[in-house]
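Colleague: I have a model open and I'd like to learn how to read it feature by feature. Could you walk me through it?

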Amino acid sequence: MAGFAELGLSSWLVEQCRQLGLKQPTPVQLGCIPAILEGRDCLGCAKTGSGKTAAFVLPILQKLSEDPYGIFCLVLTPTRELAYQIAEQFRVLGKPLGLKDCIIVGGMDMVAQALELSRKPHVVIATPGRLADHLRSSNTFSIKKIRFLVMDEADRLLEQGCTDFTVDLEAILAAVPAHRQTLLFSATLTDTLRELQGLATNQPFFWEAQAPVSTVEQLDQRYLLVPEKVKDAYLVHLIQRFQDEHEDWSIIIFTNTCKTCQILCMMLRKFSFPTVALHSMMKQKERFAALAKFKSSIYRILIATDVASRGLDIPTVQVVINHNTPGLPKIYIHRVGRTARAGRQGQAITLVTQYDIHLVHAIEEQIKKKLEEFSVEEAEVLQILTQVNVVRRECEIKLEAAHFDEKKEINKRKQLILEGKDPDLEAKRKAELAKIKQKNRRFKEKVEETLKRQKAGRAGHKGRPPRTPPGSHSGPVPSQGLA
Ligand SMILES: Nc1ncnc2c1ncn2[C@@H]1O[C@H](COP(=O)(O)OP(=O)(O)OP(=O)(O)O)[C@@H](O)[C@H]1O
Ligand SMILES: [Mg+2]
């Protein structure tokens, strides 16, 4: 198998890899690094934890060392924490170069960021929203001459999910040169491939790991069928079990909303589980602090929304618990990919209620693997059921008293003001839009109904039985029973 040196990387980079403990290139690195060094655009699709970051960081550093200037490379990622993680990889591998990097993400001081940008860092790692804000408000820096544009988690950046990056991406793409290398990476690129290929026009090289299953082999994937109302008791039971059975344990729990995340965090703490939360309603400083505490194993449980589902590389995580079944198979793939990384073992347990069975089927179909059932002693769960429900209710009341929902509303308004919009006007516009949508929906339903009727009429006309004389019985036999 070829080593890093055979991929065309300089000896100083090969030495950096060795020092970092990267002995052999992974398949995605073997595939993509030579193509990137050749000057081609690259779309890399490989499983979670397979080393996609180094697959773009290494060739960029190589090219930067040949022609160093700032701003040489722009990396876009969907989340702030991921931006910091990628910056760290650049910093470690690019140390001998005296690499200057700059992280541009929301929730941090904008003036300090503008100053850093004006100092022409080699690499800028950014979330789209904040970078677009800088582009709109400042002329002290330029990304007109970048050589590389990287989109990590490219499908997430380009799809219209709960955070829609479209407008910000348009602003960014208008500010970068047409002549550049574009590198797109994700564990789930294939769905959005057509859009992505529009971005990569420079002899795009598409690298996709060939594997029958789209999740990692060493990952033990289970489901646990639970009635909705007793979900939390099962969660507490599972954690208790891990704590009892393992000396060294570390779990990420994914939930669907910031509020549930906060309540469950409070609840687990009441049960003395060392838990920290990570969701978008927290201040950025708190988010970083929570992640740092979890990474250093001071806290064994991280309970998070999907803000933590992509890209984060925390080698100690042994188990991922999905407190809710993800609505999209893609989200499932990224969530469970927070464990069993870089060849390690891991386990994923998805709590499935009576309402989620179809979601599990969709997941199984996409990953091409059946989840196995996780068995628990129900009697043990029943023993703690009342206690868990009471504690959860207490936490809910406490959170309501802290005006969590109001804070959410205030945060939304703040965000709109920052975007230069009038919150009240936006609310009005939203309401109007909802009305129009409802009208359209009704109109569509009516049209569909009419079309259906017309079609049925035509079919009836065509298939009408030949006229029969009155009293004859040769017509269709009336159905029995179900009238
Ligand atoms: N050649 C290598 N040999 C050994 N370990 C490696 C190698 N390349 C990367 N790694 C390690 O593998 C881990 C996962 O890498 P990385 O975060 O780049 O995965 P990824 O493919 O981007 O996953 P995700 O899809 O979840 O973002 C990291 O801890 C990284 O240091
Ligand atoms: Mg990654």
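Modeller: Sure, and let's begin at the ligand. Keep in mind that this is a predicted model. There are 20 residues around ligand 1, and those that come nearest are Thr-48, Gly-51, Lys-52, Thr-53 and Ala-342.

Colleague: Which helix gives the largest share of the shell around ligand 1?

Modeller: That's α3, residues 52-66, which supplies three residues of the shell.

Colleague: And how does the shell around ligand 1 split by class?

Modeller: Ten of its residues are polar, seven are nonpolar and three are charged.

Colleague: Okay, let's move to the sheet. In what order do the seven strands of the open sheet run?

Modeller: Going across, you read β3-β4-β2-β5-β6-β1-β7, with parallel pairing. The edges are β3 (101-104) and β7 (205-208), each of which has a pairing partner on one side only. From one strand to the next, the twist averages 15°.

Colleague: Can we zoom in on one pair? How many bridges join β2 to β5?

Modeller: Four bridges hold that parallel pair together, with β2 covering residues 73-76 and β5 covering 148-152. To find the register on screen, click on Leu-76: the residue opposite is Met-151 in β5.

Colleague: Which strands does helix α4 touch where it packs on the sheet?

Modeller: Helix α4 (residues 80-93) touches β2, β3, β4 (123-126) and β5. Its direction makes about 175° with that of β3.

Colleague: What about helix against helix? What do I need to describe a pair?

Modeller: Two packed helices are described by the angle between their axes and the distance between the axes. Take α13 (residues 329-336) and α14 (residues 357-367): they pack at about 70°, with axes 9 Å apart. Since angles of 65 to 115 degrees count as roughly perpendicular, α13 is roughly perpendicular to α14.

Colleague: Which residues make the contact between α13 and α14?

Modeller: From α13 you have Pro-329, Tyr-332 and Ile-333, and from α14 there are Ala-362, Ile-363, Gln-366 and Ile-367. By class, six of the contact residues are nonpolar, one is polar and none is charged.

Colleague: Now zoom out for me. How many helices and strands does the protein have?

Modeller: The count is 17 helices and 14 strands. The C-alpha atoms fill a box of roughly 100 × 60 × 55 Å along the principal axes.

Colleague: What percentage of the 483 residues is buried?

Modeller: Buried residues come to 39%. As for contacts with a separation of 6 or more, 76% are between residues 24 or more positions apart.

Methods: Residues are numbered from 1 along each chain as its sequence is written. Chains are lettered from A and ligands numbered from 1 in the order in which they are written. This is a predicted model: local features need pLDDT of at least 70, side-chain atom pairs count only at pLDDT 80 or more; totals for chains, interfaces and linings use all residues. Axes are lines fitted to C-alpha atoms, for helices over the stretch in contact, and angles run from 0 to 180 degrees between N-to-C directions. Helices (H or I, at least four residues) and strands (E, at least two) are DSSP runs, numbered from the N terminus. Angles under 35 degrees count as roughly parallel, over 145 as roughly antiparallel, 65 to 115 as roughly perpendicular and the rest as oblique. Two residues are in contact if their C-beta atoms, placed from the backbone, lie within 7 Å. Ala, Val, Leu, Ile, Met, Phe, Trp, Tyr, Cys and Pro count as nonpolar, Asp, Glu, Lys and Arg as charged, and the others, Gly among them, as polar. Two strands pair if DSSP finds at least two bridges between them. A residue is buried if 20 or more other C-beta atoms lie within 10 Å of its own, exposed if 12 or fewer, and partly exposed in between; C-beta atoms are placed from the backbone. A residue is near a molecule or strand if its C-beta atom, placed from the backbone, lies within 6 Å of it.
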